[in-house]
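Colleague: Could you take a close look at one part of this model for me, the second domain of the first chain, and then show me how it fits with the rest? I'd like to hear about the sheets and then about the contacts.

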Amino acid sequence: MVVSPPPGPVVVATKDLVKTFVVRKDNTLKERIVHFGRRGRAHRQEFTAVDDVSVEIEAGTTVGLLGPNGSGKSTLLKLMGGIVSPTSGEVHTRGRMAALLELGAGFHPDLSGRENVFLNAAIMGLTRAETEAQFDDIVEFSGIGDFIDTQVKFYSSGMFVRLAFAVAVHTDPDVLLVDEVLAVGDEAFQRKCMERIARFRKEGRTIILVSHSAAQVQELCDRGIVLKDGELVFDGGINEAVSALRDVLEGRRVGEKPPAEPTRPVEVTRIEVLDENGDPQKVFRAGAPMTIRLHVHAKHDLPTWATGFSIDTPAGQMVLATNTERLGRELGTLTAGVSTMDFDIQSANFGAGQYFINANASEIIDIDTHVLWQGARFSMAGNETNLGSVAAAITATT
Amino acid sequence: MNTSERFARLADLPFTTTDARGLTRPMRGGKIREIFDRRGLLGLLVRRDLQARYRDSVLGFLWTLIRPVVQFLMYYLVLGQFLRAAEGIPQFAIFLFAGLTIYSFFAEMVYGATTSVLSNAGLVKKIYLPREIFPLASIGAAAFMFLVQVVVLLAGAILFQALPSPVQMLWFFPAVLLILVYGLAFGILLSALNVYLRDVQYVTDVVMMLAMWGSPIVYSWTMVGPAFAQLGLPEWALEVYTNNPITLAVLAFRQAFWGAGTPADYPPDLALRMLVAGVIGVVVLVISHRVFSRLQGNFAQEM
């Protein structure tokens with residue numbers, strides 16, 4: 001996590017912002033004429049994408065707009081960028097704004113890389129002289145080399161993105177709007193993007209970013225704004241915002257799919273995370289003991305069974321997993337009904353951040369296992385000395 | 001620039017406000033000033049249109065000339081010689097080409113502008129630009145093609161020794177100005193409507209084809225009066241026909257290049273008629289820009 005300088009003056013402010021769309025079901029002239037007037041009302045549907053959102057964003061902050069699909073976060077970004085006009089309310093902005101265009105939206109395939117650089121820079125508001133001064137830097141950053149005078153239609157998609165990104169970051173923006181574009185390009189290029197964004201933050205520029213990747217947002221942002229169905233549900237520190245986002249996503253999941261009746265012989269119904277006193281906890285300190293209690297439900301008596309768990313980061317990367325078989329424990333008869341199984345971790349050496357616990361249970365491990373995905377969540381705190389998903393005691397010597 | 005300098009500069013800047021009426025910059029001059037400030041971009045967009053058009057073709061810009069020349073030869077031979085329209089019209093070649101040149105300028109402005117916002121969807125959806133810049137850029141490209149044709153026309157007129165007196169050639173300016181006002185008005189309006197209803201571009205195409213025969217381009221204005229009388233149309237029908245801004249522009253443009261014309265070939269008070277049409281055109285332009293401003297707020301969502 002990069003430490004941002006103290007926030008500066010407000011650069012983007014929204015006031016009671018509302019955006020409603022009319023979705024029409026008739027799209028041809030014929031249908032419009034047939035449905036003209038009062039009968040046409042039935043073929044229109046109103047949809048509120050952003051509902052009464054008021055936020056202020058100070059210069060020098062990096063803000064992530066979070067929310068499930070269709071929550072209005074991209075619309076909010078578009079409103080901030082002046083790309084769509086609000087239905088009511090106001091957006092105030094100042095400073096030079098640049099947007100990271102998706103795959104170089106302003107590029108014309110028939111023009112050469114050089115011509116496209118000038119065109120794209122002009123779109124972002126640079127004058128010709130400013131572009132000329134930056135031109136060599138742009139080409140060097142993009143790594144395009146001699147291909148700069150080739151028509152961009154012959155570029156690989158990677159070269160295309162690199163050139164587009166190079167132009168965007170050289171336009172000296174005060175506010176940079178980023179909409180889901182950092183997921184493109186190869187890993188090295190993504191790294192380069194992240195580094196450049198980190199440098200932007202140090203230079204006091206403001207970045208407003210829409211992303212589905214909670215991990216990416218957590219790495220980059222210091223503030224998160226969570227939207228649900230167009231309404232602001234959370235605005236604050238990024239870690240809390242990601243938690244709020246999880247709540248929103250889980251709430252949605254329950255709404256979409258009610259838990260089914262157990263069909264397998266044995267299933268995990270609940271996961272609890274307990275501290276050394278046996279009390280449920282949500283936050284743990286690095287090195288503290290932790291007990292993971294699985295509640296399993298058996299339809300009938302089973303002669304033998306097995307169970308296990310895994311702990312993932314929000315990005316889905318496994319950090320710890322085990323099961324009874326690995327631990328060399330043969331489990332005896334499981335009686336019908338609800339039973340529990342405790343896994344005691346003597347010291348949980350996880351790095352700061354959020355973690356999810358998945359658990360599975362079956363008659364024999366790996367065959368017809370039932371998995372309860374993300375059955376519990378906890379976060380780690382108190383480890384300031386290192387980053388990453390592992391906590392370790394490190395000393396620096398010369 | 002370091003952080004504190006940037007913050008100090010930002011703190012002094014006034015806010016740009018976006019509300020239901022669109023984006024308003026905190027300075028005087030409104031949209032015209034805003035577009036003027038982006039003239040560098042406008043120039044690049046015009047160049048992009050032109051450069052991309054004939055990229056990868058061996059003849060390149062020659063195609064700008066080939067198309068109108070072939071069109072001209074076709075009308076000249078078929079209408080002028082086979083159908084004998086040339087009889088009674090001296091210097092028919094120049095007469096015809098002058099009309100075609102100004103009309104195709106209008107048609108290209110309107111048609112190019114109509115599709116301009118949609119064809120720049122990638123930009124419109126991703127970044128704020130004064131959206132008027134897209135129809136303006138395609139009108140700029142049309143203007144360039146028009147100027148190339150004017151050079152050809154001028155060369156032809158010199159070759160056939162058809163040019164009128166230099167004073168009469170000044171009709172060029174009001175003619176172009178009038179057609180430009182109407183081209184802008186319709187181009188801006190239709191570019192916005194086409195985003196919401198794609199039928200507009202096809203309707204425009206058909207209407208532009210028809211409109212060519214609604215103005216004295218391949219025939220002379222003097223033929224219209226008797227023809228209308230023969231059809232039993234009332235007197236005001238000819239007035240309506242004559243005061244059509246395209247007709248007025250064609251007639252004025254012809255005055256500038258076709259020296260063989262006599263005062264009888266033109267309606268009386270041409271200058272006054274053009275002035276009235278021009279004032280109406282400016283009003284239409286203002287209204288169409290209002291409509292454009294209202295509609296542009298949802299462009300990004302409709303594409």
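Modeller: Here is a walk through that domain, followed by its surroundings and the other chain. Keep in mind that this is a predicted model.

The domain assignment splits chain A into domain 1 (10-253) and domain 2 (266-381), and the second of these is where I'll start. One of its sheets is open and has five strands, in the order S11-S17-S16-S13-S14 of chain A, with mixed pairing. At the edges sit strand S11 (283-285) and strand S14 (318-323) of chain A, each of which pairs on one side only. Going from neighbour to neighbour in this sheet, the strands are turned by 30 degrees against each other on average, direction ignored.

S13(A) is a good strand to follow. Strand S13 (residues 306-312) of chain A is antiparallel to strand S16 (residues 353-362) of chain A, and seven bridges link the two. S13(A) also pairs with S14(A), again in the antiparallel sense, this time over five bridges. You can see both pairings from one residue: Ile311(A) has Ile357(A) as its bridge partner in S16(A), and Ile311(A) also stands opposite Leu320(A) in S14(A). S13(A) and S14(A) form a hairpin with five residues between the strands. In that hairpin Gly316(A) takes a positive phi near 90 degrees.

Now for another sheet in chain A. Three strands make up this open sheet, ordered S10-S12-S15, and the pairing is antiparallel. Strand S10 (266-274) and strand S15 (337-345) of chain A are at the edges with a single partner strand each, so one side of each has no neighbour in the sheet. Here the average turn between neighbouring strands is 20 degrees, direction ignored. S10(A) runs antiparallel to strand S12 (residues 290-298) of chain A, and eight bridges hold the pairing. If you want a place to look along that pair, find Leu274(A), which stands opposite Thr291(A) in S12(A).

How does domain 2 meet domain 1? Six residues of domain 1 of chain A are in contact with five residues of domain 2 of chain A. On the domain 1 side, helix H7 (214-220) and helix H8 (238-256) of chain A are the elements that give two or more residues. H8(A) has the largest share of that side, with three residues. Sorted by class, the domain 1 side has three nonpolar residues, two polar and one charged.

Stepping out to the other chain, 41 residues of chain A are in contact with 35 residues of chain B. On the chain A side, at least two residues each come from strand S1 (10-24), strand S4 (88-93) and helix H3 (113-123) of chain A. S4(A) supplies the largest share of that side, five residues. By class, the chain A side divides into 18 nonpolar, 15 polar and eight charged residues. S4(A) also pairs across the interface: three bridges join S4(A) to strand S1 (residues 16-19) of chain B, and the two run antiparallel. Within that pairing, look for Val91(A), which stands opposite Thr18(B) in S1(B).

Chain B itself offers a couple of helix pairs for comparison. Two packed helices are described by the angle between their axes and the distance between the axes. Take helix H8 (residues 172-196) and helix H13 (residues 270-296) of chain B, whose axes come within 9 Å and cross at roughly 25 degrees. With angles under 35 degrees counted as roughly parallel, that makes H8(B) roughly parallel to H13(B). Their crossing is left-handed, and the contact has 19 nonpolar and five polar residues, with no charged residues.

The other pair is helix H4 (residues 62-82) and helix H7 (residues 133-159) of chain B, which pack at an angle of about 65 degrees with their axes 10 Å apart. H4(B) passes H7(B) in a right-handed crossing. From H4(B), the contact uses Thr64(B), Leu65(B) and Pro68(B), while H7(B) brings Met145(B), Val148(B), Gln149(B) and Val152(B). The residues of this contact are five nonpolar and two polar, and no charged residue takes part.

Methods. Residues are numbered from 1 along each chain as its sequence is written. Chains are lettered from A and ligands numbered from 1 in the order in which they are written. This is a predicted model: local features need pLDDT of at least 70, side-chain atom pairs count only at pLDDT 80 or more; totals for chains, interfaces and linings use all residues. Two residues are in contact if their C-beta atoms, placed from the backbone, lie within 7 Å. Helices (H or I, at least four residues) and strands (E, at least two) are DSSP runs, numbered from the N terminus. Ala, Val, Leu, Ile, Met, Phe, Trp, Tyr, Cys and Pro count as nonpolar, Asp, Glu, Lys and Arg as charged, and the others, Gly among them, as polar. Two strands pair if DSSP finds at least two bridges between them. Axes are lines fitted to C-alpha atoms, for helices over the stretch in contact, and angles run from 0 to 180 degrees between N-to-C directions. Angles under 35 degrees count as roughly parallel, over 145 as roughly antiparallel, 65 to 115 as roughly perpendicular and the rest as oblique. A crossing is left-handed if the near helix is turned anticlockwise from the far one by less than a right angle, and right-handed if clockwise. Domain bounds come from an automatic or database domain assignment.
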